[in-house]
Amino acid sequence: MWMRTKKIVIAALAAFGLAIAGATAGVAASLPNVAMLKSLGKGEGKLNIIVWAGYAENGSNDKTVDWVNPFTKATGCVVNAKTAGTSDEMVSLMKTGGYDGVSASGDATLRLIYGGQVAPVNTALVPNYKTISPFLKNQQWNSVNGQMYGIPHGWGANVLAYNAAKVKKPTSWSAVFAANSPYKGQITAYDSPIYIADAAMYLMATQPALKITNPYSLDKTQLAAAVALLKVQKKNIGEYWSDYTKSVQSFESSNTLLGSSWQVIANTINGDKKVTVATTVPKEGATGWSDTWMISSKAQHPNCMYQWMNWITSPKVNAQVAEYFGEAPSQTLACAQTADKNFCTTYHATDAAYAKKIWYWTTPTTSCLDGRGNICTDYAAWTQAWTSIKG
Amino acid sequence: MRKNRINTWLYRHKGARAALLLALPVLWLAIAYLGSLAVMLISSLWSVDSFTGNTVHSLSFGNFHTLITQRVYSTIAIRSIGVAVAVTLIDGLLAIPIALFISKVLKPRFRSVVIALVLVPLWASYLVKTYAWRSMFADGGVIAWVLKPFGIHGPGFGLAATTITLAYLWLPYMILPIYAGMDRLPNTLLEASSDLGASAGRTFRSIILPIIYPAIIAGSIFTFSLSLGDYIVVKIVGGTTQLVANVIADNVGTAGNLPFAAAMAILPITAILGYLFIVRRSGALENF
């Protein structure tokens, strides 16, 4: 019986080994050649997109928050939105080829472009692109050689959220990084290797001897220092979060009192009226995201995707999304459409100088982003460091 | 006439009858099951382009090198096997008295009712049960509330909570095989034992335990393998704990590093194969 099983296993192994040996390699060090849509046709009636939580609201979370159903009514495209918790998830999902587009942050965009998962975007087919903030166009994370690979959606900072009743307003990220914390076991942090950049940003202010100039550009020594800081932090962490509903529940049950979070999570918690959560950007600054809608190179419904990209950056809808999520809208005309007349001022939406100060999620590469050469650690090294931090 | 010819032919060729009968299950086993395991084994030798995330189909032992040299992975592996063993022991200690009670003490007409009650939790959604435990372990939850008058702090989220929740989830899988084993134990043996002057404890140790031992092993296979492969419970009640199964899931889903996840998956496969090999000699796989 055992010998028989062994023979079956060896035979299967051999068969599949031969089959797979014939497969093609998939390395793309150079820019893949992906076709760009030349003209817009009729909508295909369906749209499959990968989104951050809160980007494709259809009234199921809050009856008054819905811009998906009006889109379907206007274009006939029925939207199927898959929520992802991290950029890694989004890259993995895009690789399956079953989606038409994605709202990618800067730490996913270049991976998708060089991996051949997304197509260049024909901005002439998106009328609302003309009035998008100019400092979001042709940036390092959404364009290559002057060709745009997406339509900017909005941008914001990873804020420090805290239970307003139980925690005094923190002014520094030391509230979550200090070794001795009165909130031991009730602190949270974002469960993704990209969070290492938050620790590096903190070290930029507290350990200037390390000479970190860009939190995504860390050589081995700087990465080791960030890892050491995060291992100290781990002792005070109650739960890491990547699923925003779990984070909401965690704050509401007071299992979590403070930690790195998104404005949309604080807005959702305050909307449920069980606890009150306030947010702040501490003095060391903040990491953040600048999101771009990208169209898949294997999109089955490209016309619907272009229509969606135009819809989501139209003034009224972009204002709705930005106010619901708590981020700066990319559309300059959205500022006149927000319910809160001071919204754009509060979020510095048209302030290019402020936008420059946020450390947007970017994929770390061996070639240092601050120009020091090939001595930096890449995302694979960060991923392994993250596993060792969580222990 | 034609039907008779086929019948006759099949009657004469025993091998063909067996082959036809087994064709579908063997195809399922060889291609779907063993085949997919083989593909996974091969992909553990591949790697992923660190920038684009695309798979590089060239063979290398890099993944295994990382697993062996970075200490965190052996820590996770030992922790996961520890949890699986702890869950098995807890379930065994709980299931034996329950199974003994149901098979030997309860009146026959109540037995099926109680067995049904043991099975009812399996009808509830896995996630519902785990989230129920999450709210029990939470600060201010039921467990903290019960322990407060004694001045003890609840375990909160973590390894203990994970072990307890897993023990709860797999308990029916331990009770049923042991109950089946005890059911086959003739009551006359127990009567004979007490006639010869043995105390209850002696009867249990010398008569019951050796006979239900294969059943206990059979139940332990369920709890051991289910615990080793579980990656959801630890995410919900485990706090910051990492177990091998959820590191594999994180590498597949979020980090998109399928080859590394496949390399990690070799560990639980090896652990369970090893356990099955040890257990084979106890006869549990035949008698059960």
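## A tour of chains A and B

Start with chain A, whose domain assignment gives domain 1 (46-153 + 290-352) and domain 2 (159-285 + 364-390). The model is predicted. Colour these two domains of chain A separately; their C-alpha centres lie 25 Å apart. Domain 1 of chain A puts 12 residues into the contact between them, and domain 2 of chain A puts in nine residues. On the domain 1 side, select helix H3 (87-95) and helix H11 (315-325) of chain A, the elements that give two or more residues to the side touching domain 2. By class, that side of domain 1 of chain A has three nonpolar, five polar and four charged residues.

**The sheet in chain A**

Next, display the open sheet of five strands in chain A, ordered S10-S9-S11-S8-S12. Pairing in this sheet is mixed. At its edges are strand S10 (237-241) and strand S12 (277-280) of chain A, each of which pairs on one side only. From one strand to the next, the twist averages 25°.

Now select strand S9 (residues 187-190) and strand S11 (residues 258-261) of chain A. These two strands run parallel and are joined by two bridges. To find one bridge pair, pick Ile187(A), whose partner in S11(A) is Leu258(A).

Add helix H8 (residues 244-252) of chain A, which packs on the sheet. Helix H8 of chain A touches strand S8 (159-163), S9, S10, S11 and S12 of chain A, and its direction makes about 150° with that of S10(A). Then add helix H9 (residues 263-272) of chain A, which lies across S8, S11 and S12 of chain A. Helix H9 of chain A runs at about 160° to S12(A).

**A helix pair in chain A**

Hide the sheet and select helix H7 (residues 220-234) and helix H14 (residues 379-390) of chain A. Their axes come within 9 Å and cross at roughly 30°. Angles under 35 degrees count as roughly parallel, so H7(A) is roughly parallel to H14(A). The crossing of H7(A) with H14(A) is right-handed.

Show side chains at the contact:

- From H7(A): Leu223(A), Val227(A), Leu230(A), Lys231(A) and Lys234(A).
- From H14(A): Ala381(A), Ala385(A), Ile389(A) and Lys390(A).

Which classes of residue make up the contact of H7(A) with H14(A)? It has six nonpolar, no polar and three charged residues.

**Over to chain B**

Switch to chain B, where the domain assignment gives domain 1 (2-43) and domain 2 (64-287). The C-alpha centres of these two domains of chain B lie 35 Å apart.

For the last stop, select helix H3 (residues 62-69) and helix H13 (residues 258-280) of chain B. What angle do H3 and H13 of chain B make where they pack? The angle is about 55°, and the axes are 9 Å apart. That angle makes H3(B) oblique to H13(B). The two helices, H3(B) and H13(B), make a right-handed crossing.

Show side chains here as well:

- From H3(B): Asn63(B), Phe64(B) and Leu67(B).
- From H13(B): Pro259(B), Phe260(B), Ala263(B) and Met264(B).

Colour the contact of H3(B) with H13(B) by residue class to see six nonpolar, one polar and no charged residues.

Definitions and conventions: Residues are numbered from 1 along each chain as its sequence is written. Chains are lettered from A and ligands numbered from 1 in the order in which they are written. This is a predicted model: local features need pLDDT of at least 70, side-chain atom pairs count only at pLDDT 80 or more; totals for chains, interfaces and linings use all residues. Axes are lines fitted to C-alpha atoms, for helices over the stretch in contact, and angles run from 0 to 180 degrees between N-to-C directions. Helices (H or I, at least four residues) and strands (E, at least two) are DSSP runs, numbered from the N terminus. Angles under 35 degrees count as roughly parallel, over 145 as roughly antiparallel, 65 to 115 as roughly perpendicular and the rest as oblique. A crossing is left-handed if the near helix is turned anticlockwise from the far one by less than a right angle, and right-handed if clockwise. Two residues are in contact if their C-beta atoms, placed from the backbone, lie within 7 Å. Ala, Val, Leu, Ile, Met, Phe, Trp, Tyr, Cys and Pro count as nonpolar, Asp, Glu, Lys and Arg as charged, and the others, Gly among them, as polar. Domain bounds come from an automatic or database domain assignment. Two strands pair if DSSP finds at least two bridges between them.
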